Amino acid sequence: EIALTIDDGPDPEVTPRVLDLLDAANTRASFFCIGRIARQHPALCREIVRRGHRVENHGYAHSNVFSLFGPGAMRRDIARAQATLADITGEAPRFFRATAGLRNPFLDPVLHGLGLTLATWTRRAYDTRTGDPERVFHRLSQHLGPGDIVLMHDGHCARTPTGEPVILVVLPRLLQTLAERQLSPVTLNQALP
């Protein structure tokens with residue numbers, strides 16, 4: 001198994017197309033949604049869950065200075081996202097991922113107090129900055145194996161030279177590669193029961 005994780009959404013243009021690609025491959029993923037964006041697109045968050053995926057916590061504001069927050073500000077941001085996502089989907093997120101993965105020593109006790117588990121990744125393609133699908137695919141697929149956690153983005157995703165969201169170009173090829181390698185993409189919840 002590998003855990004497929006998708007960050008920074010939901011995005012009304014990209015997320016529905018990602019869901020269709022995952023459905024076509026009979027694949028499940030964990031979507032780390034930003035609370036304030038989820039509040040703008042609640043039906044899309046509910047659709048993620050309806051299709052058998054998980055919505056997880058990526059903070060409320062997705063602040064670029066999240067790693068500089070003190071424990072109080074950190075707790076307020078994460079708790080607000082937790083309440084928002086649970087209210088929208090009817091399921092409380094189990095995992096939290098910090099903005100850009102950056103954190104400080106206050107995070108662990110805050111997450112513990114909120115009953116959340118920190119989620120990072122083992123495969124990152126920098127698909128918010130790299131619009132070259134070949135490069136993104138290579139970064140994700142090179143040495144990809146059982147136990148890996150793949151990070152991609154439906155929100156804030158880079159665009160190819162023709163303007164296509166890079167995740168929509170790379171994901172079908174990645175899913176095919178996973179099938180060829182006999183790797184099963186699952187949600188983090190399935191990977192870490």
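Which residue in β7 is the bridge partner of Ala3? I looked it up, and the partner is Ile149.

**Ground rules**

I'm working on a predicted model, so local features need pLDDT of at least 70, side-chain atom pairs count only at pLDDT 80 or more, and totals for chains, interfaces and linings use all residues. Residues are numbered from 1 along each chain as its sequence is written, and side-chain values use heavy atoms, with hydrogens and water left out.

My helices (H or I, at least four residues) and strands (E, at least two) are DSSP runs, numbered from the N terminus. I call two strands paired if DSSP finds at least two bridges between them.

**Entry: strand β1 and its neighbours**

I began with β1. Ala3 and Ile149 belong to a parallel pairing of β1 with β7, which has five bridges. On to β2 (residues 30-33): β1 pairs with this strand too, in the parallel sense, over four bridges. There I found Ile6 opposite Phe31. Strand β8 (residues 185-186) runs parallel to β1 as well, joined by two bridges, and Ile2 stands opposite Pro185 there.

How many residues of β1 are buried? Eight of its eight, and I noted β1 as mostly covered. For the cut-offs, buried means under 20% relative accessible area, exposed means over 50%, and partly exposed is in between (1.4 Å probe, protein chains only).

I also followed the chain onward: β1, α1 and β2 make a right-handed β-α-β unit. Right-handed here means that, with the strands pointing away from the viewer, the path from the first strand over the helix to the second runs clockwise.

**Entry: odd backbone spots**

A reminder to myself: most residues other than glycine have a negative phi, and most peptide bonds are trans. I then looked for exceptions.

Asp8, in strand β1, has a positive phi near 80° and is not a glycine. Asp8 counts as buried because its relative accessibility is 6%. Gln182 also has a positive phi, about 55°, without being a glycine. Gln182 sits in the loop between α7 and β8, and it counts as exposed because its relative accessible area is 74%.

Where is Pro10 found? In the loop between β1 and α1. The peptide bond from Gly9 to Pro10 is cis, with omega near 5°. I checked Pro10 against Gln40 too: they are 30 residues apart in sequence and 9.0 Å apart in space, C-alpha to C-alpha. Gln40 lies in helix α2 (residues 35-40) and is exposed, at 54% relative accessible area.

**Entry: salt bridges**

I searched the whole structure and got 11 salt bridges. The test is a side-chain nitrogen of Lys or Arg within 4 Å of a carboxyl oxygen of Asp or Glu.

Back at β1, Arg97 forms a salt bridge with Asp7, with the closest N and O atoms 2.8 Å apart. This pair links distant parts of the chain: Asp7 is in strand β1 (residues 2-9), Arg97 is in the loop between β4 (95-96) and α5 (107-114), and they are 90 residues apart. Both Arg97 and Asp7 are buried.

Next I looked at Glu164 and Arg17, where the closest N and O atoms are 2.6 Å apart. Glu164 is in the loop between β7 (149-153) and α7 (166-180), Arg17 is in helix α1 (residues 15-24), and 147 residues separate them. Glu164 is partly exposed, at 26% relative accessibility, and Arg17 is partly exposed, at 35%.

Which parts does the bridge between Arg51 and Asp20 tie together? The distance is 2.8 Å, N to O. Arg51 lies in the loop between α3 (42-50) and β3 (54-57) and Asp20 in helix α1, so the pair joins parts that are 31 residues apart in sequence. Arg51 is buried, at 18% relative accessible area, whereas Asp20 is partly exposed, at 44% relative accessibility. I then found both in a network of salt bridges with Asp23, Glu47 and Arg50.

**Entry: the largest pocket**

Last lookup: the largest pocket has a volume of about 190 Å³. It has 18 lining residues, and the closest to its centre are Asp8, His62, Thr99, Ala100 and Arg124. The elements giving two or more residues to the lining are β1 and β7. A pocket, on a 1 Å grid over the protein atoms alone, is an open set of points where a 1.4 Å probe fits, with protein on both sides within 12 Å along at least five of seven lines; lining residues have an atom within 4 Å of a point. The volume is the space filled by probe spheres set on the points.
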